[in-house]
Amino acid sequence: MKRAVIRGTGRAVPSRLVTNADLSEMMDTTDGWIQERTGIKQRYWVQEGEILGASDLGLEASHKALEKAGWKPEDIDLIIFATLSPDIFFPGSGCLLQTKLGLSSIPALDIRQQCTGFLYSLVTADAYIRSGLAGKILVVGAEIHSTGLDKTTRGRDVAVLFGDGAGAVCVEGVETGTDMGVLASVLHADGSGAGALMTELPASRLPNRIPLDLKGEEVARYYPVMNGKSVFKTAVRKLPQVTREVLEKAALDIQDVDMIFPHQANLRINQAYQQYMKIDEGRIFNNIDRYGNTTAASIPIALDEALEQNIVGRNGETILFVAFGAGYTWGAVLYRF
Ligand code: UT7
C-alpha cells in the first residue's frame, strides 16, 4: 500500500511587518487588547499598492519546498491549492501557480475550505496517492488577507486577527511496509455555521454581482464578518472531538503523539484545547504571535518552521494536525515520519 509521505516544506510571507502598534494608528485598538484576546503580536501584510496574489506567495513557498524535496517542477503530477483569498474570482490559484512554475497540462485544483483548507488538501493528496492517481503532489496553502480587510474601527474585530502567508508541502506516494506517512484522517463540515464567518461579496447568487456604484455601508459587504464568540466556542468544542476521532481511527492515544500542530486562529483557543486534552505545553506548536491567522497557510508554515528547527522529523515520530474554521469545517490528520 502506498503512503503519503512529506518530502519537503517551504514558507513565505510578504515583506511588510505590521505590529499591533501599527494597527492602533489605523483603528481604535491597542496592543494590550490584541495580545490578551488573541496572543498575536505581529503579522505580515503586502505593501500598500503592491500587486501580490496568493499564487505569488504560494510560488515562493513552493520553490523552497521543491528544493528541500529534491524535486524539479516537472516531477509534480498534481497541484492542490488551498485558499479563501484566490488571486482572482476565477480561475483558481492552482492554475495560476501551475503556469508560474513553468508547467502545463498537469491537473491543478483549488480547495475552498478556509482554516481547514490545508487539511482537506492533505487528505485529498493522500486519497490520490492511495488510489494510484498521482505519485508526487504539491500541496499549497496561501492567503492574501490584508487587501480585503476593513482597516477602520468598524472592522477591528476581524482585521487584527489575519495575516498574509503561504506554506507548501511536497507529498509523495511511497510503497512501504511500515506505518509511516499519513496514518489516519477525519474531515467534517457543517454549512449551517456558514454565516458565522464569511465574506459575502462578490456573490454569484445576486442578480447583479458587480456593483455599479458603491456607497457607504455597501462597502462593508465586501469585508469578512464574524460572530467571534460563536466561532470561538464551536472551535473549542470541535477540536478535541475531531482529535479523539482521528486517534481512535489509528488506534492511538494522545500520549502517542509527539507534537500537535493546531491551526493558528487564536492562542486562547489552542490553550483551551491543550488544557482540555491534558497535553503539556511543550507538545503543542504555536507561532500565531508572529504571523496572526494565515488560514490555509498556518499549518504548513508551522510544520516548515518546526522541521527547520529540528523540533520534529525524526523517524517514527508521530504528529497531529488539527484545524477548525469557516464553513464551518474542521478536521485532523495523524502523520508519522
Ligand atoms: O480562523 C478560524 C476562525 N476564527 C476564530 O477562530 C476566531 C474566534 N474568535 C475569537 O478569537 C474571539 O472571539 C475574538 C478574538 C475575535 C474576540 O474576542 P472576545 O473576547 O470574544 O471579544 P468580544 O468580541 O466579546 O469583544 C469584547 C470587546 C467589545 O467591546 P464591548 O462591547 O465590550 O464594549 C468589542 O467591541 O472588545 C471590543 N473589540 C475590540 N477592542 C479593541 C473588538 N475588537 C477589538 C479590537 N480592539 N480589535
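User: A polar contact is a pair of N or O atoms within 3.5 Å. In this predicted model, how far does a polar side-chain atom of asparagine 293 lie from an oxygen atom of the ligand?

Analyst: The model is predicted. Asn293 is among the closest of the 22 residues that surround the ligand. A polar atom of its side chain and a ligand oxygen fall within the 3.5 Å limit, and their separation is 2.7 Å.

User: What is the distance between an oxygen atom of the ligand and an N or O atom in the side chain of lysine 229?

Analyst: Lys229 is also listed with the closest residues, together with Thr29, Cys115 and Asn266. Arginine 37 places a polar side-chain atom 2.8 Å from a ligand oxygen. For lysine 229, the distance from its side-chain N or O atom to an oxygen of the ligand is 2.6 Å.

User: What percentage of the ligand's area does the protein bury?

Analyst: Polar side-chain atoms of arginine 37 and asparagine 293 approach oxygen atoms of the ligand. Taken alone, the ligand exposes 960 Å². Of that area, the protein buries 74%.

User: Which strands stand at the edges of the open sheet of 5 strands?

Analyst: The sheet has mixed pairing and the order β1-β7-β6-β4-β5. An edge strand has a single partner, so one of its sides is left without a neighbour in the sheet. The strands in this position are β1 (2–12) and β5 (108–111).

User: Which residue of β7 is the bridge partner of valine 139?

Analyst: Strand β6 (residues 136–143) and strand β7 (residues 165–175) run antiparallel and are joined by 8 bridges. In β7, valine 139 is partnered by valine 169.

User: What angle does the direction of helix α4 make with that of β4?

Analyst: Helix α4, residues 93–100, packs on the sheet and touches β4 (78–82), β5 and β6. Relative to the direction of β4, that of the helix makes an angle of about 130°.

User: In what order do the strands of the sheet with 4 strands lie?

Analyst: This sheet is open, with mixed pairing. Strands β8 (181–189) and β11 (259–262) each pair on one side only. Strand β11 runs parallel to β12, with 4 bridges between them. The order is β8-β13-β12-β11.

User: Which strands does α5 touch where it packs on the sheet?

Analyst: Neighbouring strands of the sheet that contains β8 and β12 are turned by 10° against each other on average, direction ignored. Helix α5 packs on that sheet, its direction making about 125° with that of β8. The strands it touches are β8, β12 and β13.

User: Why do the rings of phenylalanine 118 and phenylalanine 321 count as edge-to-face, and how many residues apart in sequence are the parts they tie together?

Analyst: The ring centres are 6.4 Å apart and the planes stand at 90°, so the pair is edge-to-face. Planes over 60 degrees apart fall in that class. Phenylalanine 118 lies in helix α5 (residues 117–131) and phenylalanine 321 in strand β12 (residues 318–325), so the parts tied together are separated in sequence by 203 residues.

User: Which loop holds proline 91, and what is omega for the peptide bond from phenylalanine 90 to proline 91?

Analyst: Most peptide bonds are trans. Proline 91 is found in the loop between β4 and α4. The bond that reaches it from phenylalanine 90 is cis, with omega near -5°.

Key
Residues numbered from 1 in each chain as written. Predicted model: local features only at pLDDT ≥ 70, side-chain atom pairs only at ≥ 80, totals over all residues. Heavy atoms only, no water. Pairing = 2+ DSSP bridges. Helix = DSSP H or I, 4+ residues; strand = E, 2+ residues; numbered from the N terminus. Contact = heavy atoms within 4.5 Å. Axes fitted to C-alpha atoms, helices over the stretch in contact; angles between N-to-C directions. Near = heavy atom within 4 Å. Polar contact = N/O pair within 3.5 Å; in protein donor to acceptor, adjacent residues only side chain to side chain. Areas by Shrake-Rupley, 256 points an atom, 1.4 Å probe, with all protein chains shown as cover. Phe/Tyr/Trp six-rings, centres within 6.5 Å; stacked < 30°, edge-to-face > 60°.
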